[in-house]
Amino acid sequence: MKEPLVPVVPMSHTAHIRSHRKPRRSATSSIAMRAGVAGGVLSMAAAGASASANAAEPVTQTIELPTLTADMSAAVAQSAAATQQAAANYELRAERDAAAAKAAAEAKKDLAEAKKKAEAKKKAAEAARKAAAERAERSAERATLSASASTSTSVSAPASGSVATVIAFLKAQVGDAYVMGATGPNAWDCSSLVQAAYKQVGVDLPRVSQDQSMAGTDVPLSSVQVGDILYWGGKGSAYHVGVYIGNGQYLDAANPSKGVVIQDLSGYPASGAVRVL
């Protein structure tokens, strides 16, 4: 009986080399591989089951999505309302700040104007006080002169052509200085000039304006003539005198700044007039 033939399997030409032999898998590797395969299968099964479950519950997702959308819309609307309110508050605050700044500026302007008016009023009061003091001083000086001078108020009859002589003398003094208490020939006060002018024609007048306003005959200002004496102030208490020279003009020793000048009566109307010629 023939022995069964054993098949001969040809070996690789590198089989005898140890490093070229195909390593054998250990039992641990095999177990790990099997476990990995099993885990993958189970994962796939779970994923499938989950997908099936999700596919079977479309109603749950359809119900929850509108609920979340409504909440989000409410939150967005609430945030927009809060933003709008904050903007309105900011605008209102800005308007209030602008109004306050405008009011402060106006108050500052009003205060400056009030101070300016008060200062102007103070200056006007000071000027009035100074003018009153000067008038009082002038009246006192004239009263002193009156006490030392002749107080005769008698007026002699003028000679022919006396008015022209008075006016000619007065015009010759135009440009002379005004000095309180002076009696010429180059400086005068108002009453000394009038006294000197009428003395040229033999009319003896008192020295001061108060007494000169009492001399002669009273004449209405509407009927005044050339050569009449004009006075300012009350009769018997006049503070200034001059002589009417015609054409609405008079000549006087006005004040320290003007001296002896010719002026329009309309610019400084007299209080009264007396006629001595």
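Which residue in β8 does I229 stand opposite? The partner of I229 is V274. With that pair in view, let us walk through this predicted model, beginning with the whole chain and then moving to its strands and helices.

**The whole chain**

The protein chain contains 5 helices and 8 strands. If you follow the sequence from start to end, these elements come in the order α-α-α-β-β-α-α-β-β-β-β-β-β. Of its 277 residues, 23% count as buried. The accessible surface is about 19,000 Å², and carbon and sulfur atoms make up 60% of that area. Contacts can also be sorted by how far apart the residues lie in sequence: among contacts with a separation of 6 or more, 57% join residues 24 or more positions apart.

**Strands side by side**

Now look at how the strands pair. The table lists four pairings, each with the number of bridges and one pair of residues that stand opposite each other.

| Strands | Sense | Bridges | Opposite residues |
|---|---|---|---|
| β3 (residues 217-219) and β8 (residues 272-275) | antiparallel | 3 bridges | T217 and R275 |
| β4 (residues 229-232) and β8 | antiparallel | 3 bridges | I229 and V274 |
| β5 (residues 240-246) and β6 | antiparallel | 3 bridges | Y244 and Y250 |
| β6 and β7 (residues 260-264) | antiparallel | 5 bridges | D252 and V261 |

Strand β8 pairs with β3 and also with β4. In a similar way, β6 is joined to β5 and to β7. Strand β6, which covers residues 249-253, is mostly covered, with 4 of its 5 residues buried.

Two hairpins are worth finding on your screen. In the hairpin of β5 and β6, there are 2 residues between the strands, and N247 takes a positive phi near 55 degrees. The hairpin of β6 and β7 has 6 residues between its strands, and here G259 takes a positive phi near 75 degrees.

**Two helices that meet**

Next, turn to helices α3 and α4. How much of helix α4 is buried? Helix α4 spans residues 190-199, and 8 of its 10 residues are buried, so the helix is largely enclosed by the rest of the structure. The buried ones are C190, S191, S192, L193, V194, A196, A197 and Y198.

Helix α3 packs against α4 at an angle of about 135 degrees, and their axes are 8 Å apart. Because of that angle, α3 is oblique to α4. The crossing of α3 past α4 is right-handed. Which residues meet where the two helices pack? From α3 come V166, F169 and L170, while α4 supplies L193, A196, A197 and Y198.

Here is a handy idea for reading such a list. An α-helix has 3.6 residues a turn, so residues three or four places apart point the same way.

**A closer look at S162**

Finally, pick out S162, which is found in helix α3 (residues 162-172). Is S162 buried or exposed? Its relative accessibility is 6%, and the cut-off for buried is under 20%, so S162 counts as buried. Which residues touch S162, leaving aside its neighbours within four places in sequence? The residues in contact with S162 are V201 and L277.

Notes. Residues are numbered from 1 along each chain as its sequence is written. This is a predicted model: local features need pLDDT of at least 70, side-chain atom pairs count only at pLDDT 80 or more; totals for chains, interfaces and linings use all residues. Side-chain values use heavy atoms; hydrogens and water are left out. Two strands pair if DSSP finds at least two bridges between them. Buried means under 20% relative accessible area, exposed over 50%, partly exposed in between (1.4 Å probe, protein chains only). Contact means heavy atoms within 4.5 Å. Accessible areas come from the Shrake-Rupley method with a 1.4 Å probe; for residues, only the protein chains shown count as cover. Axes are lines fitted to C-alpha atoms, for helices over the stretch in contact, and angles run from 0 to 180 degrees between N-to-C directions. Angles under 35 degrees count as roughly parallel, over 145 as roughly antiparallel, 65 to 115 as roughly perpendicular and the rest as oblique. A crossing is left-handed if the near helix is turned anticlockwise from the far one by less than a right angle, and right-handed if clockwise.
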